[in-house]
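Colleague: Please take me closely through one part of this model, and then follow the chain outward from there. I would like the terms given with their cut-offs.

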Amino acid sequence: MALEIAERNTDADCIVLAGIWESGSVMAAKLLPMLQKSFVGTIDLVKLLIDKKNPKAVTIEPVTDFNKKVVIIVDDVANSGKTMTYAIKPFLEFQPQKIQTLVLVERTHKTFPISADYVGLSVSTTLQEHIFVETEGAEITGAYLA
C-alpha cells in the first residue's frame, strides 16, 4: 500500500497519515517507514480521536496546518463507512490538496457513501459477522472474523 500511495501522489509535497485511534493509528505508524522509502516529500503522522459509536466530535493530535497537503485517513476495518465519514469532518476546515482513505480490511456493507482508496483486503461478510483487528502496543497482532 505504501508504494501505491507514493505512486498516486507524485504531485504532493507532503502527505499526512491520519490514523483513527487506536488500530488505525498503529497502522499509520507502521506504514510511515515503508512510505518514507518511496515518497520523496515530507510525511506527517497525526492521530484522530473519535468515538466510533457516537462520532460527532473528532479531535486531531497534534493539530497542524493541513492546507495543500494530501491527507490519508487510516483505519483498521471499513464496516458501514460511518467512522470514516465523520473522520473527514475536521479536515474540511482546511484546504487540503486531497483527502484519501486507507483501510486494512474493507467489508461490503456500506450505509455511508465512503469507499477506501487503498485496501489491504476486501472481504464479503454477512451483516451478523464482524471483523476485528487486534493490536498490542505498536504492533498489529492479528485480525479475525467473528
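Modeller: P62 sits in the loop between β3 and β4 (70-78), where helices (H or I, at least four residues) and strands (E, at least two) are DSSP runs numbered from the N terminus. This is a predicted model, in which local features need pLDDT of at least 70 and side-chain atom pairs count only at pLDDT 80 or more, whereas totals for chains, interfaces and linings use all residues. Residues are numbered from 1 along each chain as its sequence is written, and side-chain values use heavy atoms, with hydrogens and water left out.

The bond that leads into P62 from E61 is a cis peptide bond, with omega about -15°. Further along, the loop between β3 and β4 also holds K68, a residue that is not a glycine and yet has a positive phi of about 60°. K68 is exposed, because its relative accessible area is 68% and exposed means over 50%, buried under 20% and partly exposed in between (1.4 Å probe, protein chains only).

Going back from P62 into the strand, E61 belongs to β3 and stands opposite K47. Strand β3 (residues 58-61) pairs with β2 in the antiparallel sense over four bridges, pairing being assigned if DSSP finds at least two bridges between two strands. On strand β2 (residues 42-50) there is also a parallel pairing with strand β1 (residues 14-20), over seven bridges, and within it I20 has L48 as its bridge partner.

K47 leads on to S25, a residue of helix α2 (residues 23-36). Leaving aside neighbours within four places in sequence, S25 is in contact (heavy atoms within 4.5 Å) with K47, G19 and I20. S25 counts as buried because its relative accessible area is 11%. Together, β1, α2 and β2 form a right-handed β-α-β unit; with the strands pointing away from the viewer, the path from the first strand over the helix to the second runs clockwise in a right-handed crossover. In the loop between β1 and α2 lies E22, and the peptide bond from W21 to E22 is cis as well, with omega near 20°.

As for the setting, the chain has three helices and eight strands, in the order α-β-α-β-β-β-α-β-β-β-β along the sequence. Of its 146 residues, 41% count as buried.
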